[in-house]
Amino acid sequence: MARHTRLVHLPLDTADLSARSIASQLVALIAAGQVGDGDWLPSTRALAHDLGASRTMVAAAYDELVAAGFLEGVPGAGTRTTAGATAAARAGLSSRTPRLDDTAPAPAAHDARRPTENLVDLRPGSPDTGLIDMRAWTRAWRAAAASRPTAVSPWEGPDDAFTAAMAHHLRINRGVDTHTVFDIPGSTAAVQTLAAVSGLSRCYLESPCYPAAAEEFTRAGLDTTFIPVDQDGLCVDELGDEAGIVYTTPAHQYPLGHRLSVNRRAELVAWAKRTGSIVIEDDYDGEFRYGVAPLPAIRSIPGAGAHVAYVGTASKILASSLGAAWLVPPLPLCDAVQTYLHDHRIAVSTITRIALTELITAGDLQRHLARSGREYRCRRDILITELEARCPNLEVLGVQAGLHVAILLPDGHRDRDIAQRLNADGLIVAPLSAFPQRSGAEINGLAVNFARINRATAQRFAEAIAAAIK
C-alpha cells in the first residue's frame, strides 16, 4: 500500500515549537481544509526535520491527536487523519481542554484590578490534565459507573482488584514488590496514619520540605527536627541516634529537586534498622525522569520492608482532583495501619478505585506516563533553554526528574521580593524561603512548575526574572 495518497504540505509556525503547539496547529489546518480526511501525514522523523524540532516533540503531538481521534496510526503505513476529523475540527473540538496557563486563578492577595487572563500559575504541584487521553479516561469511568453499587463502605474491606492492579503498577514502574497496598485520599493521610500507629514521638524532616507533611506531623504532636539536604539528598549522617519517623522525597526532593544517592539510600535503611525508626518515602512524582536511569525506590532495597513506608499519588501523574493515593506500610505495621484506616474511615471512593484499576489493567496509565513524560521533558527543555539565554548565571536544580525545578537566586535578591515582583507581572511562583526549613538556613530561590508551560510563557518568565535580578 502506498504510504501517501497525496503530498501534504504542513505550513506550521516554528516560532512557538512545542507538542501542544504542533497539535493545535494541525487541528487548525484540518479545520481550514488544508489537510483532509484520510490524508497521510509526514513521518515524525520527517516533520521533526522540517520544523527543526525534536522527534520526541512531534511524536508527542501525534500521540495527542491519535488519542483525541483526529489521527490514526496504520501499522506499516504511517499516520493519517481519520474520517470525520474535518467536521470535528470545524465544530470547534480540540485535542485537549483549554490551557490552564491562561485561566489560572489569582491568589487571594492579588490586585483585583489586574486582568486575570494574563495570570500564569507556576507554583509546583499540578500536572497538565490536558495530556490525559480522554477516550481512555471515559472508558475507565464508564466501566466504573457500570459496576453494581455495593452496600459496603470503601474503608470496610480491601479492594482485591485495586490492590492487584496497583501492586503491578508499583512493581513495573518503581521496583516495589508488594501484595499489600492501601488506598488513601492523599499523602497527608499516610503521614497521619503512620504518625498515629508507629509509637514514635519524633520526626525528621528534610530542610526545606513539603509544607502539608510538616503541618500533619505538628498536628499529630510529634517533635520535629529539620535535617539538611545537599546535592545527594538528605544528609543521613545528621540524623543522630534517636528513633523517629523520617519523611523524605528521594526521587525528586521537594522542593529542591535533588535525588537521594544510592549510597545514602543504603545508609538510611541501615540507620532505620539500627535505631528502630520508620522511613516514609513520598514518591510524589517519581514516575517522571529525564535522561537518567531510575534509581530504585528505597522500599525496594533488600531488608527495607520492615522499616520503609512507600507513598505514591495520582495527583502528579493524572490530576489532583482525583484525591487518590496509595500506601505500602512497613510490614510490622500492616495490621495496625489497616485497623486505623478502618476506624477513621480513610479510603478512596469505590468508583475512583474501579476507574484507576481499569486505567492500569488496560495499559492506559502506562501509555499516559510514556506520552506525558515525553511532553514534560520537552517543556522542561524549553524552560531551561529560555533561562540559559536570558539568565545564564542562574543555578537551576532538579532538572533530571519531576515536574518542577528550583532556581537559586544570586546574593542581594530576596526570593519573596522577586516572587512579589513576578506576581505583579502575572507570574505566580513559590519562594523557597517560604517552605518549612531550619531557622537561619533558609534557601533563597524559586520553585517553578514546568508541567503546563509553553515557549511563550517560558520566554515571558525568563525575561521577567532577568529584569527582576538586573
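Student: Which elements do the buried residues of α13 pack against?
Tutor: This is a predicted model. Helix α13 spans residues 415–424, and its buried residues are Asp415, Ile418, Ala419, Leu422 and Asn423. Their packing partners are three strands and a helix: β14 (427–428), β15 (430–431), β16 (445–449) and α14 (455–468).

Student: Why do the buried residues lie on the same side of α13?
Tutor: An α-helix has 3.6 residues a turn, so positions three or four apart point the same way. Buried Asp415, Ile418, Ala419, Leu422 and Asn423 belong to α13. They share a side of α13 because the arc they cover around the axis is only 140 degrees.

Student: Which residue with a positive phi follows α13?
Tutor: The phi in question is near 90 degrees. The residue that follows α13 with this value is Gly426.

Student: Which strands are the edges of the open sheet of 8 strands?
Tutor: The order is β4-β11-β10-β9-β8-β5-β6-β7, with mixed pairing. An edge strand here pairs on one side only. That gives β4 (182–184) and β7 (233–234).

Student: In what sense do β5 and β6 pair, and which residue in β6 stands opposite Leu205?
Tutor: Strand β5 covers residues 202–207 and strand β6 covers 223–230. They pair over 6 bridges, in the parallel sense. Opposite Leu205, the residue in β6 is Phe226.

Student: How far apart are the end C-alpha atoms over residues 16–84?
Tutor: An unreviewed UniProt entry places the feature "domain: HTH gntR-type" at these residues. Over residues 16–84 the chain is 52% helix and 12% strand. The end C-alpha atoms are separated by 28 Å.

Key:
Residues numbered from 1 in each chain as written. Predicted model: local features only at pLDDT ≥ 70, side-chain atom pairs only at ≥ 80, totals over all residues. Heavy atoms only, no water. UniProt positions renumbered as here; feature names shortened; annotations may be inferred. Helix = DSSP H or I, 4+ residues; strand = E, 2+ residues; numbered from the N terminus. Buried < 20%, exposed > 50% of the residue type's maximum accessible area, 1.4 Å probe, protein only. Arc of directions from axis to C-beta. Contact = heavy atoms within 4.5 Å. Pairing = 2+ DSSP bridges.
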